[in-house]
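Student: I have a two-chain model open and would like to talk through its pockets, its interface and its cavities. Could we take them one by one?

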Amino acid sequence: MLTDLTLTEARQRLRAGEISAVELTQAHLERIRALDPQVRAYLTVTEERALAAAEEADRRLATGDNAPLLGLPLAIKDVLTTEGVVTTAGSRVLEGFVPPYTATAVQRLLEAGAVMLGKTNTDEFAMGSSTENSGYFVTHNPWDLERVPGGSSGGSAAAVAARMALGALGTDTGGSVRQPAAFCGVSTVKPTYGRVSRYGLIAFASSLDQVGVFGRTVEDTALLLSVMAGHDPHDSTSLDVPVPDYMAALSGEIAGLRVGVPREYFIEGMQPEVEQAVRAAIAQLEALGADVREISLPHTEYALPVYYLVAPSEASANLARFDGVRYGPRENGRTLWETYKATRGQRFGAEVKRRIMLGTYALSAGYYDAYYLKAQKVRTLIKQDFDRAFADVDVIATPTTPTTAFRIGEKTDDPLQMYLSDVFTLAASLAGICGAVVPCGFDGQGLPIGLQILGPALGEEIVLRTAHAYQQSTDWHTRTPPLG
Amino acid sequence: MSQYEAVIGLEVHAELQTRSKMFCGCAVVDSTSAPPSTYVCPVCLGMPGVLPVLNHRAVELGLRVGLALNCEIPPFNRFARKSYFYPDLPKGYQISQYDYPLAVRGWLEIDLPDGSSKRVRIRRVHLEEDTGKLTHVDDHSLIDFNRAGVPLLEIVSEADIRSAEEAEAYARKLRAILRYLGVNSGDMSKGVLRVEPNISVRPRGEEAFRTRTEIKNLNSIRSLARATAYEIERQVALYESGGQVQQATMGWDEARQVTVVQRVKESADDYRYFPEPDLPPLEISRAWVKEVRAALPELPSAKRDRLMQQMGLSRYDASVLVAEKAVADYFEATVQAGGDPKQVANYILGDLFRRMKDEGRPREQIGDIPLKPVMLAELLALVAEGTINHGVAKKLLGTLYAEGGDPRRLVEERGLAQVRDEEALGQAVAQVLDEHPEEVARFLAGEEKLAQFLMGMVMRALRGKADAQAVRRLLQAQLEARRKA
């Protein structure tokens with residue numbers, strides 16, 4: 001089946017003229033029609049645009065055009081703006097919103113010839129770990145439709161896992177590509193903060209948000225990242241440093257690589273199968289010649305409280321613009337304030353409101369020092385943990401999540417339990433470093449487990465090299481979810 | 001009033017005249033004339049996912065002001081978000097500066113009506129973005145976002161000002177400096193410059209500050225002066241009648257000439273400032289500061305001193321000339337074109353200002369009158385070379401002021417050149433003496449003041465176009481000749 005190809009395989013076949021972009025796109029659209037009623041990964045499917053783009057790609061392919069992503073069908077998380085295509089960030093407050101501009105990350109993929117299949121579901125404004133906070137519907141895990149795909153980029157991860165896209169863009173603020181990649185058994189990269197432009201990424205927490213990619217292989221993620229990374233004059237926080245050829249970094253060779261295993265990432269209460277699979281994966285790295293050693297990241301336990309002060313604080317300001325005045329739906333009240341209250345009160349979901357309130361509180365006069373400022377100081381300590389660690393090791397290997405995918409509805413009444421599912425991904429976001437996740441096993445119920453490999457800032461090459469070497473020596477990533 | 005003193009601090013918002021807005025590429029336009037919301041983009045409309053990119057020109061213009069106000073420029077700057085909800089604020093927060101402003105601890109020397117001067121300390125100068133503009137129509141409000149994101153400089157003084165006159169002098173001097181620096185047109189009626197006084201009063205000798213009020217929406221310096229004076233009196237009267245001043249934002253009712261309460265502040269606003277994560281901290285290199293400082297133009301006080309020292313003008317004349325950049329420019333252009341500085345000053349401060357006042361033209365528009373500096377210089381040259389006298393020059397000024405023109409050609413066309421031919425002058429004198437034998441006789445009999453009458457008759461005969469000195473000389477000579485005869 002065409003949908004079983006990896007991105008890089010499909011690229012070779014397209015270039016060799018063995019398949020056409022239209023065929024490839026059609027195959028994905030058909031699969032979406034067949035499976036998405038169960039999985040519900042897509043908020044919007046842009047069929048006409050996709051076919052038009054595929055036809056254009058075929059014309060270009062015929063002329064020998066070798067744009068890196070020419071004719072490859074991809075899915076885009078709905079927090080990334082797309083000109084002329086409804087973009088909601090999973091929120092009712094942006095219901096029907098059609099942005100007049102395209103996010104830089106998406107633009108670069110499109111300019112490289114990619115075919116956008118549609119916009120994928122997300123927790124509202126990327127706030128959540130299960131896509132259950134979407135203002136529209138819940139996405140289901142392709143490995144078990146009763147379970148969540150993770151979040152917030154659950155739609156993109158599920159689409160790639162279910163072969164409804166060759167690859168996808170997600171965003172990661174505290175683990176939002178890594179946790180769903182682990183839950184859905186796909187590969188992902190969360191780049192260094194600033195590596196990819198945030199222009200057009202509907203902000204949740206500006207100092208943490210970063211665009212990430214999903215693929216069925218590390219190689220696929222490296223290809224997408226190569227196209228997307230780099231300085232953008234529209235984003236002052238994007239890093240103005242050259243973009244390496246990430247594909248070239250995939251040597252398969254990790255002999256002598258120093259791998260740190262932080263003791264703080266193996267905690268009481270985690271699912272034993274997850275720990276076993278991750279330890280086995282680390283043993284595999286060692287078998288491939290890596291030098292594995294235990295390390296300590298002593299401030300790890302503060303990552304969660306720090307994150308839930310910093311991110312909501314920034315979010316409370318970022319989401320202030322959704323007032324019904326200039327765009328999006330407006331719920332009219334008799335006075336200005338009633339209009340604000342009605343629009344925001346009726347159209348934001350509970351989790352978004354909770355975080356706006358948390359952040360507003362943390363920034364208020366009299367509380368700022370104790371909460372926001374203190375959190376920023378501890379954030380610095382967390383960053384220093386990693387700085388110290390990376391003085392001695394090249395990468396850090398950890399579990400991605402304490403458990404495999406949980407049941408839909410299981411944690412929706414207990415936000416703290418929900419937050420804990422990101423406990424292994426938050427610290428790296430706070431430190432602004434990069435990481436990758438690759439499938440490293442399955443639990444007894446057939447649910448995927450992910451290995452997280454973290455690298456220093458701008459260490460994408462070594463992270464990808466490690467993840468790729470591991471993946472080449474295992475076949476977890478080749479398994480297919482049991483879908484109709 | 002006498003046992004009370006006012007304590008006033010001024011908060012000034014000045015839009016910076018950059019080509020594009022502070023965080024996007026939209027043009028900065030006159031928001032009173034451009035069609036509403038036509039100079040906008042996703043960034044200044046605060047659409048989802050957009051990011052600000054700092055316009056470094058705005059920082060540079062801000063630095064100019066900071067340096068001109070004798071401020072320190074801290075090397076580390078950063079932006080902060082100031083959160084509040086209002087429909088003219090697209091993002092629900094304003095990008096401003098809070099804990100690390102652009103410039104701090106400066107001072108401004110103000111010139112008081114009695115000729116003295118005083119230093120008012122500047123607390124801080126910081127950059128922020130302007131908001132949109134609301135217009136209320138019936139039960140609707142319309143928002144014009146052209147102004148949203150225009151760079152704005154907030155200049156905050158210490159509470160060093162003690163009277164409405166000082167407040168006015170501060171505003172005038174600051175406006176002059178902004179104009180000299182080329183960063184702001186100073187047009188308060190268009191809202192590009194907004195001056196808000198914070199006012200409290202206290203019995204003389206009392207150390208602590210009392211409750212203050214703030215006056216907003218003043219559209220001229222005159223309104224500032226009047227509103228401030230009114231508010232001081234209002235507060236004093238309140239205390240004297242046993243009342244209390246309530247912390248409030250006041251407006252100025254131009255028609256009734258009174259301040260009116262707009263909003264009572266019961267608790268301090270909480271803007272929840274925090275560092276703007278979308279913009280990296282702004283490092284201001286010492287080299288940049290040095291560069292901007294070196295490029296600062298001559299400022300009013302320095303120019304005043306130079307006009308006094310190099311051109312011999314009085315302190316008063318020099319102060320008036322430099323008070324408006326446009327006037328100073330006009331003066332200097334005229335001198336540059338050859339005009340004698342003192343003569344030029346006399347003409348500007350006298351005739352020109354009077355004519356401008358008569359037609360209700362503010363001084364800063366001196367550059368717009370048809371009489372250009374080169375014309376004035378030429379006119380004065382005609383006087384200096386003796387082609388015309390001052391009387392003719394002042395008549396010609398009327399024409400030139402209204403229509404402009406080449407003074408030399410006008411003199412020729414209208415036959416206004418002085419009669420300088422000694423023979424012609426002599427004949428005119430002789431004729432007048434012949435026509436007035438009685439007056440000549442009385443003069444010769446000792447009635448010397450009649451010389452003035454005879455002089456006038458000669459000038460009239462020559463229709464004013466004569467060199468008065470030559471006429472006087474010839475008249476005396478001929479009278480003496482007749483005495484001897």
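Student: Which helix gives the largest share of the lining of the second largest pocket?

Tutor: Happy to start there, keeping in mind that this is a predicted model. In chain B, helices H2 (164-180), H3 (221-240), H5 (300-311), H6 (315-323) and H8 (341-358) each supply at least two lining residues. The largest share is eight residues, and the helix that supplies them is H2(B).

Student: Why does the second largest pocket lie between domain 1 and domain 2 of chain B?

Tutor: Look at where the lining comes from: among the residues nearest the pocket centre are Arg172(B) and Arg363(B). Domain 1 covers 10-201 + 264-292, and domain 2 covers 298-414. The pocket lies between them because its lining takes residues from both domain 1 and domain 2 of chain B.

Student: How many residues of the lining of the second largest pocket are charged?

Tutor: The pocket has a volume of about 1800 Å³, and 45 residues line it. By class, 17 of the lining residues are nonpolar and 12 are polar, while the charged ones number 16.

Student: Now the interface. How large is the area buried between chain A and chain B?

Tutor: The size of an interface is often given as the accessible area lost when the parts come together. Here the contact involves 38 residues of chain A and 32 residues of chain B. Carbon and sulfur atoms give 62% of the buried area, which comes to about 2700 Å².

Student: Which three residues supply 22% of the area that chain A buries against chain B?

Tutor: Chain A brings 38 residues to the contact, so to speak of a leading trio we need their share of the area that chain A buries. No other three residues supply more than this trio: Ser236(A), Arg321(A) and Arg326(A).

Student: Which residue of chain B forms a salt bridge with Arg198(A)?

Tutor: The rule finds one salt bridge across the interface of chain A and chain B. On the chain A side stands Arg198(A), with the closest N and O atoms 3.0 Å apart, and its partner is Asp278(B).

Student: Last one: what is the volume of the second largest cavity?

Tutor: The structure holds five cavities of 30 Å³ or more, and the largest has about 80 Å³ of space. The second largest cavity is lined by 13 residues, including Gly128(A) and Tyr307(A) close to its centre. Its lining has six nonpolar, five polar and two charged residues. The volume of the second largest cavity is about 60 Å³.

How values were computed: Residues numbered from 1 in each chain as written. Chains lettered and ligands numbered in written order. Predicted model: local features only at pLDDT ≥ 70, side-chain atom pairs only at ≥ 80, totals over all residues. Heavy atoms only, no water. 1 Å grid on protein atoms, 1.4 Å probe; cavity = no way out; pocket = protein on both sides within 12 Å on 5 of 7 lines; lining within 4 Å. Points joined across faces, edges and corners; volume = space filled by probe spheres on them. Helix = DSSP H or I, 4+ residues; strand = E, 2+ residues; numbered from the N terminus. Nonpolar A, V, L, I, M, F, W, Y, C, P; charged D, E, K, R; others polar. Domains from an automatic or database assignment. Contact = heavy atoms within 4.5 Å. Buried area = accessible area lost by both parts, 1.4 Å probe. Salt bridge = Lys/Arg side-chain N within 4 Å of Asp/Glu carboxyl O.
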